[in-house]
Amino acid sequence: MSATTSPLPRTGSRPGGRSARIRAAVHRAVEELLADETGEPLTIPVVAARAGVHATTVYRRWGSVGELLTDVATSRFSGDIVVPDTGSLREDLERYASDLAKDLNDPDTLPLVRATIGTAGGQGASACTRERRQQLQAILEREQARGHQTPTVERVMDAVLAPLYYRAVFTDQALTPEWARTLVSHLLPD
């Protein structure tokens, strides 16, 4: 470097730069490995090899498979379901439950939910449901703004979200949109 040339100051990581590419490649590798039916164990070295990065890069950024799955789940479940606004709490919740049932039936979603909850425990469960709680809260707040009484968000989670996740994670029973809508009728009887 000549005396008149000086390096540009470093201002932190660039959005969409190397860090974002690595994160995207690692997330994609996790999703591909979970979708594979080969039964290959989900480990940091396996994920790194699939992503085309060094294992130390993955360990340094995420530390463990549980933390990695939590990050993938948080990213995957942020903003993936549109909060319905039909003008009716019952219809909003029925549509929401139906959409969530469809999402949980997705062959890419269910393995991620199961792996995240199984590997990362409470932190993983929170990553899978945090956005859902916020979506339900938005539905309830909108109904309250219309001047109507609503159940608490905890009650809605217990009546709608919990059965959906339980059936998806722990059983082989179908998650049909019709069944999901019945959960709302138990919460909001006529």
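## Helix H2 and its surroundings

Glycine 52, which follows helix H2, has a positive phi near 75°. This value, like every other in this report, comes from a predicted model. H2 itself spans residues 44-51, and its buried residues are Ile44, Val46, Val47, Ala48 and Ala51. The cover over these buried residues of H2 includes helix H1 (18-35), helix H3 (55-62) and H4.

Ahead of H2, in the loop that lies between H1 and H2, is glutamate 40. Glutamate 40 has a relative accessibility of 40% and therefore counts as partly exposed, since the buried class ends under 20% and the exposed class begins over 50%. When neighbours within four places in sequence are left aside, glutamate 40 is in contact with Leu33, Val46 and Arg50. Of these partners, Val46 is also one of the buried residues of H2.

## Threonine 70 in helix H4

Helix H4, which is part of the cover over the buried residues of H2, covers residues 65-76 and contains threonine 70. Because its relative accessibility is 8%, threonine 70 counts as buried. A polar atom of the threonine 70 side chain lies 2.9 Å from the backbone oxygen of glycine 66.

Beyond its neighbours within four places in sequence, threonine 70 is in contact with Thr116, Ala120, Gln123, Gly124 and Ala127.

## Helix H5 against helix H7

Helix H7 is made up of residues 153-170, and it packs with H5 at an angle of about 20°, the two axes being 10 Å apart. H5 and H7 are therefore roughly parallel to each other, a description that applies to angles under 35 degrees. Their crossing is right-handed.

On the H5 side, the residues that meet H7 are Leu93, Ala97, Leu100, Ala101 and Leu104, and on the H7 side their counterparts are Val156, Val160, Leu161, Leu164, Tyr165 and Ala168. By residue class, this contact of H5 with H7 consists of 11 nonpolar residues, with no polar and no charged ones.

## Helix H5 against helix H8

H5 (residues 89-105) also meets helix H8 (residues 177-187), where the axes come within 8 Å and cross at roughly 145°. The crossing of H5 and H8 is right-handed. From H5 the contact draws on Arg90, Leu93, Glu94, Ala97, Ser98, Ala101 and Lys102, while H8 supplies Pro177, Ala180, Arg181, Val184, Ser185 and Leu187. The residues in this contact of H5 with H8 divide into 7 nonpolar, 2 polar and 4 charged.

Some H5 residues take part in both contacts: Leu93, Ala97 and Ala101 belong to the set that meets H7 and are also listed in the contact with H8.

## Threonine 171 between H7 and H8

The loop between H7 and H8 holds threonine 171. With a relative accessibility of 15%, threonine 171 counts as buried, because that class takes in values under 20%.

The side chain of threonine 171 reaches two backbone atoms, one of them being the oxygen of arginine 167, at 2.7 Å, and the other the nitrogen of glutamine 173, at 3.2 Å. Leaving aside neighbours within four places in sequence, threonine 171 is in contact with Arg114 and Tyr166.

Notes:
Residues numbered from 1 in each chain as written. Predicted model: local features only at pLDDT ≥ 70, side-chain atom pairs only at ≥ 80, totals over all residues. Heavy atoms only, no water. Axes fitted to C-alpha atoms, helices over the stretch in contact; angles between N-to-C directions. Helix = DSSP H or I, 4+ residues; strand = E, 2+ residues; numbered from the N terminus. Left-handed = near helix turned anticlockwise from the far one by under 90°. Contact = heavy atoms within 4.5 Å. Nonpolar A, V, L, I, M, F, W, Y, C, P; charged D, E, K, R; others polar. Parallel < 35°, antiparallel > 145°, perpendicular 65-115°, else oblique. Buried < 20%, exposed > 50% of the residue type's maximum accessible area, 1.4 Å probe, protein only. Polar contact = N/O pair within 3.5 Å; in protein donor to acceptor, adjacent residues only side chain to side chain.
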